[in-house]
Amino acid sequence: MPDFSFSRDSAISALRLLGGCTALGFATYAQAAPAFDSDSPWMLGDWNGTRTELAEKGYDFKLDYTGEMGSNLHGGYDHDRTARYSDQFGLGTHLDLQKILGWDDAEFQLTITKRSGNNISNDRINDPRVGGFTSAQEVWGRGQTTRLTQMWYQQKFFDQKLDIKVGRFGEGEDFNSFPCDFQNLAFCGSQVGNWVGGIWYNWPVSQWALRVKYHLTPELYAQIGAYEQNPSNLDRGNGFKLSGSGTQGAVLPVELVWTPKLNGLPGEYRAGYYYSSAKASDVYKDQNGQPAALSGEAYRSASSKHGVWFGAQQQITSLASDHSRGLSVFANATMHDKKTNAIDNYVQAGVVYKGPFDARAKDDIGFALARVHVNPAFRKNAEASNQAHAVYDYDDPSFLPPQDTEYSAELYYGVHLANWLTVRPNLQYIRHPGGVDQVDDALIAGIKIQSSF
């Protein structure tokens, strides 16, 4: 029988929260959009019209939930068929300060998130001696804890051409951003943060940051940012840390974004570069240019770290009666410093079709492929480590498996059950999990639930 490892605390919290919110929804049922109305954007309705009234005055509140299940149907490092569940609650408020205080083009955002659960990739798919690169459940990670994820002020100037945002937020919120409908991490969110996660912190981690954007034309803008590079922000106990203690440097991204309409259909094209001013360790050599794992000397230090990214999304077909339905294509690529990063390049591409059937006009189908390539120097370091310890048998617990290339694929069907609820069953296939050739290819069944209370 499958072993469903749900977090007890998460389940209790979810039931309490759902119960309390449901009671509130039924209490306000009579005169507003009813709770569980499929046409409402919120599961619990309009709170007797209060929610709409507050939004008109500039106060918008959100309580979102994402839950993901993953089960290994075949293969992986451990063939025992089990299932894991992970989830996230997000509670936030967006304030339109122009409506509230009369400040032109000013906004404020505050969001707190709570993550719980376990990930099937950790103990069934990947070799635990080296771990993996992608994750079958993207909502897992960065410490299963409660965090301050957003706390920022945004101000626009010069007829909204200049846009400045300051406060606490992550790089992927503005730079190298990408939707998160797929469940596999290789197809979800800002990909730079997935492959240089030691310096670029995606949602739900926040840090002190500044982002400046300028619209060169209505369809073209450039932006630059400065983000605190502070590894202590990743610690479980530092979810609400506001001090700068532990800061090692700054991550400085720049990006050019083009948002055209080709044949009347929307697209988005991104090209960017990041630079980290903090010191970084070489993945292979010591100060004398020799393999550090063999010499026993410390790995040499680099004064910085850098990389580039490219991204494209384009809708290419539509229905004459409904432009929201049709086929879209996308692709993303990142390249990183070979001296200091385990991953030197990554590419992915895929398609999404929205509204595949007239009777299911809001459903969607997605398919994507990804390739994660390990820096050859990083692989050589593992080989040198095994040589230094005279360990050459993969089955030896002290053997460090050299990693090369991991391939991922995902197919999902998104069932739009209500405007506040989408369920996406999916199948994932991982070839060489963690880039380890000796690990059997894995087939994973997943379910992603996205809801707004």
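Helices here are DSSP runs of H or I with at least four residues, strands are runs of E with at least two, and both are numbered from the N terminus. On that basis, the protein has seven helices and 20 strands. Its radius of gyration, taken over C-alpha atoms, is 23 Å; the globule rule, 2.2 Å times the number of residues to the power 0.38, gives 22 Å for 453 residues, so the protein is as compact as a globular protein of that length.

Before I continue, a word on provenance. This is a predicted model, in which local features need pLDDT of at least 70 and side-chain atom pairs count only at pLDDT 80 or more, while totals for chains, interfaces and linings use all residues. Residues are numbered from 1 along each chain as its sequence is written, and side-chain values use heavy atoms, with hydrogens and water left out.

Let me turn to the overall dimensions. Along the principal axes, the C-alpha atoms fill a box of roughly 75 × 55 × 45 Å. Buried means under 20% relative accessible area, exposed means over 50%, and partly exposed lies in between, with a 1.4 Å probe and protein chains only. By this criterion, 49% of the 453 residues are buried. The accessible area, from the Shrake-Rupley method with a 1.4 Å probe, is about 20500 Å², and carbon and sulfur atoms supply 59% of it.

Contact means heavy atoms within 4.5 Å. Among contacts between residues at least 6 apart in sequence, 64% join residues at least 24 apart.

As for charge, Lys and Arg count as positive and Asp and Glu as negative, with His and the chain ends not counted. Each charge is placed at NZ of Lys, CZ of Arg, CG of Asp or CD of Glu. There are 40 positive and 50 negative side chains, and the centres of the two sets lie 2 Å apart.

I now come to the strand pairing, where two strands pair if DSSP finds at least two bridges between them. Strand 2, residues 59-76, pairs antiparallel with strand 3, residues 83-96, over 13 bridges. These two strands form a hairpin with six residues between them. Strand 2 also pairs antiparallel with strand 20, residues 440-452, over 11 bridges. S71 has a partner on each of these strands: A83 in strand 3 and A445 in strand 20.

A second group involves strand 7, residues 207-217, which runs antiparallel to strand 6, residues 162-169, with eight bridges joining them. Within that pair, L162 stands opposite Y214 of strand 7. Eight bridges also join strand 7 to strand 8, residues 220-229, again in the antiparallel sense. Two residues make up the hairpin connection from strand 7 to strand 8, and L210 has A226 of strand 8 as its bridge partner.

Is D174, in the loop between strand 6 and helix 5 (192-195), buried or exposed? D174 counts as buried, because its relative accessibility is 10%. Setting aside residues up to four places away in sequence, D174 touches K165, F169, R211, Q223, Y227, E255 and R270.

Finally, consider V415, which belongs to strand 18, residues 405-418. V415 is partly exposed, at 23% relative accessible area. Beyond its neighbours within four places in sequence, V415 contacts R360, D363, L421, T422 and V423. V415 and L216 are 199 residues apart in sequence, and their C-alpha atoms lie 39 Å apart in space.
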